[in-house]
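Grab a viewer and work through a few exercises on helix packing and salt bridges. Try each task yourself before reading its solution.

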Amino acid sequence: MEKLNIKEFLDQDEKKDLLRLLTAGSVDDGKSTLIGRLLFDSKKLYEDQLDALERDTKRYGNAGENIDYALLLDGLKAEREQGITIDVAYRYFSTNKRKFIIADTPGHEQYTRNMITGGSTANLAIILVDARSGVITQTRRHTYLVSLLGIKHVVLAVNKMDLVNYKQQVFDQIVSEYRHFAEPLGIPDITCIPLSALKGDNVVEDSENMKWYTGKPLLEFLETVHIGSDKNFSDFRYPIQYVLRPNLDFRGFSSTMASGIVRKGDEVLALPSMKRSRVKSIVTYEGEQEYAFPPQAVTITLEDEIDISRGEMLVHPDNLPIVSRNFEAMLVWMDEKKMNPEEQFFMKHTTNLTRVKIDKIRYKVNVNTLEQSSCDALELNEIARVVFSTGKPLFFDSYQKNKNTGAFILIDPITNNTCAVGMIIDKVEMKDIQEFEIPEINLSKLNISSEHYEAIRKVVNELDRQGICVKVNER
């Protein structure tokens, strides 16, 4: 028998890829039970966890004579008393093929912001449906939020099939109705699985009760779903986080690769200065490497001395992001305090921080019906399409194209709270926002020297470069 080499085992474990997923569904659809069952059946629980689970089942359980697997995730006292999920619960486990981070998100509408938080980094979403109820309002809401977050893979888990006698026609009807609703939302990959989280059907092992289902059980699907192409490897975006200067002979720009691939010797362009150079070296903790890709954290050195600082960006000259001060985005309001559209906020976008004001709320979306309506301000958990103007130009892509350069947060300048998160749609032209009164400077009425005249001219040109129009009357 071959001896186990610990180093080889650890190296192999380190090379496993990571799947981040969230679960969503209505109250009592069995989200927490499903994840608990997944952990239990895949033998990923320790003995003390099993002992605590059996003890808690007797005290708090809602599964009759069965073990209540939901208690593995519902840790808050209020969650156990009410039998619901309130906070986002994260669970980590791995199999021989892949590592997993599961975010168990709450189903209530009042906890929409919690679901947005849990789903912001997810590759895949499991949306649970009660086989007795079918597609309901919450199912539509969660599917819309998943599409808003740009999650490309969705599993429709039709749970509690044991309560409808494992009938195929019930499953087929739910799948047909769901696909009809989800089609306009443009989710590229939808997989439907019938299961029973309480009984364990199609969770880890194939179900003996549903021979008519020929697909993979849930765990096998999660282990094999392809997520490698989900990252954007075509558009090189490197937002500078830190200028590294350990000694006189080294000056590098440190950050995490947002998207794309950069190689040693590549020509790069610095934004907003538009200065060009070539990549001299790509340095990591392990040493220099020939190329870098997301989500690696690296330090790039350039052949030329270019003044670049935090908040600026390196890109390939033939593949530029959108550079603009005006854009529109889908905004999720996350603050208890109602939005004041007249107030200015701080916007954190990649490594950039700037002031921003809200120019216009195009419409608010009813997350239950997807209906659009006009509004003047947003309240907690409300979602709207909003037009913004920033204090300086940002370098961005649409969120659907590039999550890392298409997402931002709004920060309240007084409380420092994160009051909203946004997903950029596209830039907008100034004429599309509103008519501004352009200020005018009449130089003929000013008794100024030629030196001061040239200084004013430089200021006006700089304002114009940043998109701020000023009329100069020289008569």
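The exercises below work on this predicted model.

**Exercise 1. Work out how α5 and α6 pack: what is the angle, and how far apart are the axes?**

Start by locating the two helices: α5 covers residues 112-119, and α6 covers residues 137-148. Their axes lie 10 Å apart and make an angle of about 40 degrees. Angles under 35 degrees would count as roughly parallel, and 65 to 115 as roughly perpendicular, so α5 is oblique to α6. Next comes the handedness: the α5 and α6 crossing is right-handed.

Now look at who does the touching. From α5 you have T112, M115 and I116, and from α6 you have H142, L145 and V146. Sort the residues of this α5 and α6 contact by class and you get 4 nonpolar, 2 polar and no charged.

**Exercise 2. Decide how enclosed α5 is: which of its residues are buried?**

Use the cut-off of under 20% relative accessible area for buried. Going along the helix, T112, N114, M115, I116, G118 and G119 of α5 are buried. That is 6 of the 8 residues of α5, so the rest of the structure largely encloses this helix.

Then ask what those buried residues pack against. On the helix side there is α6. On the strand side, the partners are β1 (18-25), β2 (89-94), β3 (99-104), β17 (322-333) and β23 (418-427).

**Exercise 3. Move on to α6 and α7, and find which residues meet.**

Geometry comes first again. Helix α7 takes in residues 168-182, and α6 packs on it at about 45 degrees, with the axes 11 Å apart. That angle makes α6 oblique to α7. The crossing of α6 and α7 is right-handed.

For the contact, T139, R140 and T143 in α6 meet E177, Y178, F181 and A182 in α7. Counted by class, this α6 and α7 contact holds 3 nonpolar, 2 polar and 2 charged residues.

As for the spacing of such residues, an α-helix has 3.6 residues a turn, so residues three or four places apart point the same way.

**Exercise 4. Survey the salt bridges: how many are there in the whole structure?**

The full search turns up 16 salt bridges. Let's walk through some of them.

- K211 and E208: the side chains meet at 2.8 Å, N to O. Both K211 and E208 are exposed.
- D235 and K401: here the N to O distance is 3.7 Å. D235 sits in the loop between α8 (218-224) and β7 (237-239), while K401 sits in the loop between β21 (383-396) and α9 (403-406), so this pair ties together parts 166 residues apart in sequence. D235 is buried at 6% relative accessible area, whereas K401 is partly exposed at 44%.
- R385 and E328: the closest N and O atoms are 3.0 Å apart. This pair also links distant parts of the chain, with R385 in strand β21 and E328 in strand β17, 57 residues apart. R385 is partly exposed, with a relative accessible area of 22%, and E328 is buried at 9%.

**Exercise 5. Find which residues are linked with R132 in a network of salt bridges.**

Take R132 as your starting point and look for its partners. The network links D130, R132 and K160.

How values were computed: Residues are numbered from 1 along each chain as its sequence is written. This is a predicted model: local features need pLDDT of at least 70, side-chain atom pairs count only at pLDDT 80 or more; totals for chains, interfaces and linings use all residues. Side-chain values use heavy atoms; hydrogens and water are left out. Axes are lines fitted to C-alpha atoms, for helices over the stretch in contact, and angles run from 0 to 180 degrees between N-to-C directions. Helices (H or I, at least four residues) and strands (E, at least two) are DSSP runs, numbered from the N terminus. Angles under 35 degrees count as roughly parallel, over 145 as roughly antiparallel, 65 to 115 as roughly perpendicular and the rest as oblique. A crossing is left-handed if the near helix is turned anticlockwise from the far one by less than a right angle, and right-handed if clockwise. Contact means heavy atoms within 4.5 Å. Ala, Val, Leu, Ile, Met, Phe, Trp, Tyr, Cys and Pro count as nonpolar, Asp, Glu, Lys and Arg as charged, and the others, Gly among them, as polar. Buried means under 20% relative accessible area, exposed over 50%, partly exposed in between (1.4 Å probe, protein chains only). A salt bridge is a side-chain nitrogen of Lys or Arg within 4 Å of a carboxyl oxygen of Asp or Glu.
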